[in-house]
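Subject: A structure for you to look at

Hello,

I am passing a structure on to you, with some notes on what turned up in it. Please open it first and then read on.

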Amino acid sequence: MVTRLYTHPIFLEHITPPGHPERPDRLRAIERVLDDEAFAALDRVKAPEGDEATILYAHPADFVARVRAAIPDEGIARIDADTTASPKSWQAAITAIGAANAAVDDVFTGRADNAFVAARPPGHHAEKTTAMGFCLFNTAAIAARYAQKKFGAERVAIVDWDVHHGNGTQDIFWDDPSVLYCSTHQMPLYPGTGAKNETGAGNIVNAPLAPQTGSEVFRDAFLSRVLPALDDFAPDLIIISAGFDAHHRDPLAEINLTEDDFDWATGQLMQRATRHSGNRLVSLLEGGYDLQGLAFSVAAHVGRLMKG
């Protein structure tokens with residue numbers, strides 16, 4: 001398996017306030033763990049700046065203009081109670097989009113079997129017209145639309161195992177049966193969406209997990225809800241919204257997973273990618289706020305992507 005890693009120094013320049021959980025040290029922790037010789041075979045690529053026009057695949061122009069206008073010339077600007085922007089945030093967000101789209105190019109052209117994009121800010125809380133939850137633009141949604149527009153992908157699946165429900169991705173694809181959205185997440189928890197009865201056009205599969213849930217319940221949710229939905233859908237591409245804040249060390253939630261669970265879930269999705277989509281799988285970093293839990297989980301995830 002050829003696994004590409006996309007990252008870029010600009011992602012460290014998206015600055016958040018002191019004490020904010022979504023901080024540059026997250027990427028530094030990932031960089032350190034992936035510097036181990038076990039990851040020597042990773043195909044490391046500097047993330048390209050994205051085409052701003054592709055943002056319009058998931059967000060209207062007036063919203064994009066509002067986000068651009070919110071970027072400060074200096075200091076930190078608040079977009080909402082949790083979401084901030086600094087002078088380099090626009091460039092970081094655009095480069096995250098560029099990396100995700102480049103990863104889609106790679107898996108459709110055969111340059112890589114799969115890819116992991118280590119970028120920030122994250123994206124899955126960004127709704128069509130609302131930046132929120134640390135997120136400016138919905139990178140996963142843009143990448144899904146990019147695959148459809150450029151490569152004619154008829155069916156794209158987004159699997160989100162971040163501990164917080166991806167309300168933004170659900171909002172964008174609510175009535176679009178060409179995109180399957182599956183999510184495991186703690187409930188109740190921010191942002192308050194993600195109940196089982198939220199099904200969109202039959203393309204939304206939510207598997208909420210009670211606080212203190214551990215490996216057995218998480219894996220059962222995958223086996224009973226997520227994986228059957230993927231098999232029924234038979235996607236041309238699988239995109240993972242790969243948040244690692246369901247790790248038991250994470251301070252923002254109460255789900256008790258270990259890095260072995262992320263290894264297992266990655267393997268399950270790779271099996272479906274082999275079965276349905278010619279191995280095409282793109283993974284995008286979302287949450288994960290305990291640096292040790294994040295680093296160990298990413299190492300397990302990327303290691304599984306490399307092994308096949």
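How far apart do the end C-alpha atoms of residues 20-303 lie, and how much of the span is helix and how much strand? The two ends are 29 Å apart, with helix making up 39% of the span and strand 15%. Please keep in mind that this is a predicted model. I chose that span since an unreviewed UniProt entry annotates residues 20-303 as "domain: Histone deacetylase".

One residue to look up is T54, in the loop that runs between β2 (43-46) and α2 (61-70). Is T54 buried or exposed? Its relative accessibility is 3%, so T54 counts as buried, the cut-off for that being under 20%. Setting aside neighbours within four places in sequence, T54 has contacts with I97, N101, I142 and Y146. With N101 there is also a polar contact between the two side chains, at 3.4 Å.

Next, the empty space inside. The count gives 4 cavities of 30 Å³ or more, and the largest cavity holds about 70 Å³. Which elements each supply at least two residues of its lining? They are α3 (89-109) and β10 (281-285). The residues that line the largest cavity include A96, A100, V117, L284, L285 and E286. By type, the lining has 8 nonpolar residues, 2 polar and 1 charged.

I hope this helps you find your way around.

Best wishes

Technical notes. Residues numbered from 1 in each chain as written. Predicted model: local features only at pLDDT ≥ 70, side-chain atom pairs only at ≥ 80, totals over all residues. Heavy atoms only, no water. UniProt positions renumbered as here; feature names shortened; annotations may be inferred. Helix = DSSP H or I, 4+ residues; strand = E, 2+ residues; numbered from the N terminus. Buried < 20%, exposed > 50% of the residue type's maximum accessible area, 1.4 Å probe, protein only. Polar contact = N/O pair within 3.5 Å; in protein donor to acceptor, adjacent residues only side chain to side chain. Contact = heavy atoms within 4.5 Å. 1 Å grid on protein atoms, 1.4 Å probe; cavity = no way out; pocket = protein on both sides within 12 Å on 5 of 7 lines; lining within 4 Å. Points joined across faces, edges and corners; volume = space filled by probe spheres on them. Nonpolar A, V, L, I, M, F, W, Y, C, P; charged D, E, K, R; others polar.
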